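Trainee: Could you take me closely through one part of this model, the helices of one chain and how they pack? Please add how that chain meets its partner.

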Amino acid sequence: MSEISVEITGLKKSFGSLDVLKGLDVTVNRGDVVCIIGPSGSGKSTLLRCVNLLEEPNDGKIVVNGVELTDQDVDIDLARTKIGMVFQSFNLFSHLNVLANLTVAQRKVLKRGEKEAQEIALRNLERVGLLEKANSMPAQLSGGQQQRVAIARALSMDPDVMLFDEPTSALDPELVGDVLGVMRQLADEGMTMLVVTHEMQFAREVADKVIFMDGGYIVEEGPAAEVIGNPQEPRTQEFLARVLDPTHHGPSDPV
Amino acid sequence: MALSKRKRAEYFRYSQYTLLVVAALVIAFFADWEQIRTAFFNFKTMGDMFPNVITIALKNTLIYTALGFAFGLALGLVLALMKLSSIAPYRWIATIYIEFFRGIPALLVFIGLAFGVPLAFQLQFDIYSTVMLALGIVGAAYMAETIRAGIQAVPKGQVEAARSLGMSQGRAMITIVIPQAFRIILPPLTNELILLTKDSSLIYIIGLARDQYELTKFGRETLSRSPSLTPILVVGLCYLIITLPLGYLSRYLERRSGGKKVSVL
């Protein structure tokens, strides 16, 4: 079964005179994990933020689960309830405790009852292994715990697809594993995931497809074993060499 | 022989203490203590002022201030949102309002509402409405800038997270941004409440019935019957009963928020 979950065609995005995305086509099949890798400034976060229209594309078409988000008449708020997003800086609502973080959108957007919302919230907290933190405030949690709560918050909306924007980049190294573990578990459960990451190990082991981006283009894409294990494009080779073996390279050429 | 820098500083400190002691002695010897006592501490006048200074005047000051603050906060929030609007004319209106009412004396607003509006529009507000409007109109101009700063101090990621969960722009503002903004601006807002408490004294220009007196008017009335500074001292202390705890509260809230400063301008 290879039903299409996310289909992006001809996506272009610029900020002022700076062209960030220069015409991309991406297809994500339902149940697949797609990892987007590439140097900073390559446009990979912008690509991800276009998928739920946090960034408005200048051109191109984005279809998620059969709904064309780039259609002017689409109810974008409704569409976003089906697209979970996890941010680099967690973005937990700092004035609400963990449980309220997980229930507020269920209650206000999906109009679920309090009891139902709490049950769903607690179930998802358990999935990320933080049931005992339900009554904590975000500031009392470690970065890794905050990110797992953020994942549980997105899951509580019962999304069809999850977007991860460098979910481990702001974490201390020893906390990265907890978050990646939760993400791997999600992938095993069949969640459709689009992940911008620098964790090559994770991409290699979990991704069904890896996309390498540079300069606003997709340079290379394919199965993880090929793109990461045996890259064909010189730019991919150069990037991976730096990421996988950072101590044996001189400073990069100025761009 | 020139004195060392440290010695000079030491002598300078001594001379400051000496000046203080001399001034205190001069006042102690030459002041008319009896007159000072009767002027500031006329116990009969003090006795006459109680309990009405508390049960009427202090109570009314609190009521007037609360009404003005509530209205000012609501109007200030609307102005702050207008100031952040993407529609330029809303921003202009809010800016003109804020600049106008911050720039004119609050007394002028009181006179305008109490005497100008009734004459111009044949509208007669009761005392509570007049006070609420006058204090609120002025307070809103100041609070709008504070609230705007608070809203802008909420990290952008909070809105993005809310929007990504399907909240509309307005829903994200109400549920996520404004509650956080108010936590941030609680200390400056408390200071605003102190200023309004003091500005409530401007009601004294309006004709008031006895049971509508607030502290300043009450003090002034008492003064006309018993000419001494005692009534002024008593109502002054009553203001401090309100403003000192609020000042401590404001500083406490500021410390608790980890000294996260919000610039208002």
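**Interface and helix packing**

Mentor: In this predicted model, chain B and chain A bury about 1700 Å² between them, with carbon and sulfur atoms giving 60% of that area. The contact draws 17 residues from chain B and 21 residues from chain A. On the side of chain B, 34% of the area buried against chain A is supplied by B:Glu160, B:Ser164 and B:Leu165, more than by any other three residues. B:Glu160 also has a polar role at this interface, since its side chain meets that of A:Arg49 in a salt bridge, with N to O at 2.6 Å. Two salt bridges are found by the rule across the interface of chain B and chain A.

Now to the helices of chain A, taken in sequence order. H3(A) covers residues 98-108 and H4(A) covers residues 114-127. The two pack at an angle of about 130 degrees, their axes 9 Å apart. An angle over 115 degrees but not over 145 degrees falls outside the perpendicular and antiparallel ranges, and H3(A) and H4(A) are therefore oblique to each other. H3(A) passes H4(A) in a right-handed crossing. From H3(A), the contact uses A:Val98, A:Leu99, A:Leu102, A:Thr103, A:Gln106 and A:Arg107. These meet A:Glu114, A:Glu116, A:Ala117, A:Gln118, A:Ile120, A:Ala121, A:Leu122 and A:Leu125 of H4(A). By class, the residues of this contact are eight nonpolar, three polar and three charged.

Ahead of H3(A) is a loop that starts after strand S6 (83-86) of chain A, and A:Phe90 lies in this loop. The phi angle of A:Phe90 is near 65 degrees, a positive value in a residue other than glycine.

H4(A) also packs on H5(A), where the axes come within 9 Å and cross at roughly 140 degrees. H4(A) and H5(A) are therefore oblique to each other, and the crossing is right-handed. The residues that meet are A:Asn124, A:Leu125 and A:Arg127 in H4(A) and A:Val149, A:Ala152 and A:Leu155 in H5(A). They divide into four nonpolar, one polar and one charged. A:Leu125 thus appears in the contact of H4(A) with H3(A) and in that of H4(A) with H5(A).

The next pair is H5(A), residues 143-155, with H6(A), residues 173-188. Their axes are 8 Å apart and the packing angle is about 20 degrees. Angles under 35 degrees count as roughly parallel, and H5(A) and H6(A) are therefore roughly parallel to each other. H5(A) passes H6(A) in a right-handed crossing. H5(A) contributes A:Gly143, A:Gly144, A:Gln147, A:Arg148, A:Ile151 and A:Leu155 to the contact, and H6(A) contributes A:Leu175, A:Asp178, A:Val179, A:Val182, A:Met183 and A:Leu186. Seven of the contact residues are nonpolar, three polar and two charged. A:Leu155 takes part in the contact with H6(A) and in the contact with H4(A).

The stretch before H6(A) has a link to an earlier part of the chain. A:Lys44 forms a salt bridge with A:Glu166, the closest N and O atoms being 3.9 Å apart. A:Lys44 lies in helix H1 (residues 44-51) of chain A and A:Glu166 in the loop between strand S7 (161-165) and H6 of chain A, so this pair ties together parts that are 122 residues apart in sequence. Over all chains, a search of the whole structure finds 20 salt bridges.

One backbone feature of the partner chain completes the account. The peptide bond from B:Phe50 to B:Pro51 is cis, with omega near 0 degrees. B:Pro51 is placed in the loop between helix H3 (43-49) and helix H4 (52-83) of chain B.

How values were computed
Residues are numbered from 1 along each chain as its sequence is written. Chains are lettered from A and ligands numbered from 1 in the order in which they are written. This is a predicted model: local features need pLDDT of at least 70, side-chain atom pairs count only at pLDDT 80 or more; totals for chains, interfaces and linings use all residues. Side-chain values use heavy atoms; hydrogens and water are left out. Axes are lines fitted to C-alpha atoms, for helices over the stretch in contact, and angles run from 0 to 180 degrees between N-to-C directions. Helices (H or I, at least four residues) and strands (E, at least two) are DSSP runs, numbered from the N terminus. Angles under 35 degrees count as roughly parallel, over 145 as roughly antiparallel, 65 to 115 as roughly perpendicular and the rest as oblique. A crossing is left-handed if the near helix is turned anticlockwise from the far one by less than a right angle, and right-handed if clockwise. Contact means heavy atoms within 4.5 Å. Ala, Val, Leu, Ile, Met, Phe, Trp, Tyr, Cys and Pro count as nonpolar, Asp, Glu, Lys and Arg as charged, and the others, Gly among them, as polar. Buried area is the accessible area (1.4 Å probe) that two parts lose on being put together, summed over both. A salt bridge is a side-chain nitrogen of Lys or Arg within 4 Å of a carboxyl oxygen of Asp or Glu.
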